Amino acid sequence: MKQGTKGNVTGNLLEQTVRLVLQDKGFSLVRYRDWEKKPDSFGNELLLANVPFTTVYGHKGNTEFLLISQEYNIRARIECKWQQSSGSVDEKLPYLYLNCIEAMPEEHVIVLIDGDGFKEGAIRWLKQAVAEQKYITQENQNKLIQVFDLKGFITWANNTFLRRSH
């Protein structure tokens, strides 16, 4: 299997896990483009898939998910990054971080990042940038960016949505 194909397969497993965890908490999975046409047709506890935004470069970008919960007052974009073996995903982390704070419209962004292939220091840099609120300005000072590995994300979901398990 080619490196890019392998990355897509393993990254899809990370996304599938997010779907399973949040569907188990009672969220309905809906494609963003379907929801956008009739937002009142799908309920108030949603996991929207393939959510567009305009990047810091002014290009079209997509994020894996947008979690919307009226019950818990949450509207969080979820970005998934998996790096199983050495590659270029970790070199894109500064770009991802800038998109989180400057381009993604939601105030709450969750970055789910996992795998053993990241360069040493890459995930540490991202977590430190988030902790120090690097590049946060007056305009985006209300941003909440959370960085989780898979175990941390599952723990967050279990603790946040206690009453929603199905």
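**Exercise 1.** In the hairpin of E2 and E3, which residue takes a positive phi?

*Solution.* The model is predicted: local features need pLDDT of at least 70, side-chain atom pairs count only at pLDDT 80 or more, and totals for chains, interfaces and linings use all residues. Residues are numbered from 1 along each chain as its sequence is written, and side-chain values use heavy atoms, with hydrogens and water left out.

Step 1. Helices (H or I, at least four residues) and strands (E, at least two) are DSSP runs, numbered from the N terminus. The hairpin of E2 and E3 has 5 residues between the strands.

Step 2. Gly58 is the residue sought, with a positive phi near 85 degrees.

**Exercise 2.** Describe how strand E2 (residues 45–54) is placed among its neighbours.

*Solution.* Step 1. Two strands pair if DSSP finds at least two bridges between them. E2 pairs with strand E1 (residues 28–31) in the parallel sense, over 4 bridges. Here Val30 has Leu48 of E2 as its bridge partner.

Step 2. Strand E3 (residues 60–69) runs antiparallel to E2, and 9 bridges join them. Leu46 has its bridge partner in E3, namely Ile68.

Step 3. E1, helix H2 (residues 32–37) and E2 form a right-handed β-α-β unit. A crossover is right-handed if, with the strands pointing away from the viewer, the path from the first strand over the helix to the second runs clockwise.

Step 4. Buried means under 20% relative accessible area, exposed over 50%, and partly exposed in between (1.4 Å probe, protein chains only). Of the 10 residues of E2, 7 are buried, so the strand is largely enclosed by the rest of the structure.

**Exercise 3.** Examine salt bridges of the structure, and state whether the residues of each are buried or partly exposed.

*Solution.* Step 1. Side chains of opposite charge can pair when their charged atoms come close. A salt bridge is a side-chain nitrogen of Lys or Arg within 4 Å of a carboxyl oxygen of Asp or Glu. The structure holds 5 salt bridges.

Step 2. Glu15 and Arg19 meet in one of them, at 3.8 Å from N to O. Both lie in helix H1 (residues 3–24), 4 residues apart, about one turn of the helix. Glu15 is buried because its relative accessibility is 16%, whereas Arg19, at 24%, is partly exposed.

Step 3. Glu79 and Lys81 form a salt bridge, with their closest N and O atoms 3.1 Å apart. Glu79 has 4% relative accessibility and therefore counts as buried; Lys81, at 22%, is partly exposed.

Step 4. Glu132 and Lys134 also meet in a salt bridge, at 3.9 Å from N to O. Glu132 is partly exposed at 45%, and Lys134 is partly exposed at 28%.
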